[in-house]
Amino acid sequence: MGRRGAVRTFRRAGRWRFAVAAAAGALALALLLVLWATSRQSDDDLSDGSDGGRSAAVELGWGFTHTQYSADRGDDAARRTTAGLLSATPMPQNQHIMGWGVDNPEPKPGTYNFGDLDRRVAFMRKTNATPVLTLCCAPDWMKGGGERTDWSQKSLEKAPDPAHYRDFAELAGVIAKRYPDIRHFIVWNEFKGFYDERKGRWNYEGYTELYNLVYAELKKQNRANAVGGPYISMDSNPPGSSSNASSVRGPWGSVDQRAVDALTYWNSHKKGADFLVVDGASYTREGSKLFPDEFAGTAKFADVTTWLRKSTGLPVWWSEWYVEPADANDDRKMWTEQHRLAVHATAMMQLARAGASAAFYWNPEETGTDCPGCLWRSTELKGGGGGLPMLDLLTRFGKDFPPGAELRTPDVTGDNRDAVSALAAGSTVLVVNMQDRRLTVEVDGKPVDLAPNEIRWTG
């Protein structure tokens, strides 16, 4: 998919450590040895987290992914504004280890450069986020290059050579050890570099080999680390298409069989997983068509989530999810902001109903004033950093409809009942007008007047 934009660099450093002390007595050498052994065991348990070795909880809910530009840089006052907004309603935040605002973490073997990643992790800590790291992409020397970083998209999206899979896993271990408070890791991104042109399919054997090495290394560092994959795009084809069509289908089309094959192989051959990761869009892989329309097409997210949960038994994470087709420059600027919000809200309802455990909004942050779909005004701007409508939707939805909430579909009546989507939990109700016209419906017996594409919260 698009939105891969990659790449710049900024610097800072930091490290965390802890120590375990043991008391010595003069009673007997044997007692000292027992205490030493107990201390060693306690140290091991602490390195596995306070849950004594169980994996971290994976029902993270609604969050976002940092991209090239984020609120860890720019005007000081603007950065404080955004940090305050995010701290007020903490949510999961995801960051890649190379690209998307972070420099090459290991430009040559054994030489590390964590300045940028330290800065992003520090921002996530500062805003009380649940931090997530996506282990992508790979240093150049692991994929046939040298010590100089090639930031072109072609180079960045290249997978490590098989001879360096273990080196990449070791880098993942170094990163996990550097940030012991981070418990959630996604292995790679969209099968980048793993497409086999000769076979016309994904090299799922290669990805799974890499995944298993990374999984083992992360669990060795800390058994409490939660690890997931395969982060493959659930691309879909139009209804009626016979090209790579799978049985995972609906009025929106069918998931590409090659993605289904890759996911099935990974699920059968993985050493383990705490959660399953996919991404995808409600529009088609070729031509970016929406069936039956942009609102009804969001049913894909519910259908795919339901199939994934049933097929794998794993909690389902959506690392990226898209509803608005991009133009030739991978920009999404064709819809009004209200239309964009309405379709996103409808898609979020679909994911919530289907029981998605986490979903990360890909924040399309820019440095200027024109930033459709962004969560906040750019912190590069004087007076920037303030929240935008998509942040309001994301935070409110995450607060009122978290994983495990007892959701219900409100009783919607009236002539326009099919023109709205609605979701409720307790006394809170969200209603979305899916029409570009003003209309009135009754929700749980109460009249609600809605402006075109309006999102209305009650309760």
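Let me begin with a term: a residue is called buried when its relative accessible area is under 20%, and exposed when that area is over 50%, with partly exposed in between. I should say at once that what we are looking at is a predicted model.

With that cut-off in hand, consider Asp75, which lies in the loop between β1 and α2. Asp75 has a relative accessibility of 16%, and therefore it counts as buried. Leaving aside residues up to four places away in sequence, Asp75 touches Thr379, Glu380, Leu381 and Lys382. Gly384 belongs in this description too, since its C-alpha is 7.9 Å from that of Asp75, although the two residues are 309 apart in sequence.

A useful counterpart is Ser55, whose place is in the loop between α1, residues 29-47, and β1. Is Ser55 buried or partly exposed? At 28% relative accessibility Ser55 counts as partly exposed, because the partly exposed class runs between the 20% and 50% limits. Ser55 touches Lys219, Arg223, Ala224, Asn225 and Asp274, again not counting residues up to four places away in sequence. Its C-alpha is 8.7 Å from the C-alpha of Val227, and those two residues are 172 apart along the sequence.

Let me now step back to the whole protein. There are ten helices and 20 strands, and of the 459 residues in the protein, buried ones make up 54%. If we take the contacts between residues at least 6 apart in sequence, 70% of them join residues that are at least 24 apart.

The strands bring us to the barrel. Eight strands close into it, in the order β1-β2-β3-β4-β7-β11-β12-β13, and the pairing is parallel. On average, and with direction ignored, neighbouring strands of this sheet are turned by 25 degrees against each other.

I would like to go through one part of the barrel in detail, centred on β4. Strand β4, residues 184-187, runs parallel to β3 and is joined to it by four bridges. Across that pairing, Leu133 stands opposite Phe185, and Leu135 stands opposite Val187. On the β7 side, β4 pairs in the parallel sense over three bridges, and there the bridge partner of Phe185 is Val227, the residue we met a moment ago in connection with Ser55.

Which way do the side chains of β4 point? In a regular strand the side chains alternate between the two faces of the sheet. In β4, His184 and Ile186 point one way while Phe185 and Val187 point the other, and all of these residues are buried.

On this sheet packs helix α6, residues 204-221, which touches β3, β4 and β7, the last of these being residues 226-233. The direction of α6 makes about 160 degrees with that of β7.

Another helix that deserves a careful look is α3, which covers residues 115-126. Its twelve residues reach 16 Å from the first C-alpha to the last, close to the 16 Å expected at 1.5 Å a residue. How many of the twelve residues of α3 are buried? The number is nine, so that the helix is mostly covered, given the under-20% limit for burial. Among the buried ones are Leu117, Val121, Phe123 and Met124, and also charged-type names such as Asp116, Asp118, Arg119 and Arg120. What covers the buried residues of α3 includes α2 (76-88), β2 (92-96), β3 (130-135) and α5 (165-178). Just after the helix, Asn128 takes a positive phi of about 60 degrees.Finally, the aromatic residues, for which the count comes to 24 pairs. One of these is formed by Phe64 and Trp376, edge-to-face, with 5.6 Å centre to centre and 75 degrees between the planes. This pair links distant parts of the chain, with Phe64 in strand β1, Trp376 in the loop between β13 and α10, and their positions 312 residues apart in sequence. Phe64 and Trp376 are both buried. A further edge-to-face pair is that of Phe397 and Phe401, at 4.9 Å centre to centre and 70 degrees between the planes, and these two residues are buried as well.

There is also an aromatic cluster, whose members include Tyr165, Phe168, Trp188, Tyr211 and Trp266. Over the ring of Trp266 sits the charged end of Lys270, 5.4 Å from the ring centre.

How values were computed
Residues numbered from 1 in each chain as written. Predicted model: local features only at pLDDT ≥ 70, side-chain atom pairs only at ≥ 80, totals over all residues. Heavy atoms only, no water. Helix = DSSP H or I, 4+ residues; strand = E, 2+ residues; numbered from the N terminus. Expected span 1.5 Å × (residues − 1). Buried < 20%, exposed > 50% of the residue type's maximum accessible area, 1.4 Å probe, protein only. Contact = heavy atoms within 4.5 Å. Phe/Tyr/Trp six-rings, centres within 6.5 Å; stacked < 30°, edge-to-face > 60°. Lys NZ or Arg CZ within 6 Å of the ring centre and 35° of its normal. Pairing = 2+ DSSP bridges. Axes fitted to C-alpha atoms, helices over the stretch in contact; angles between N-to-C directions.
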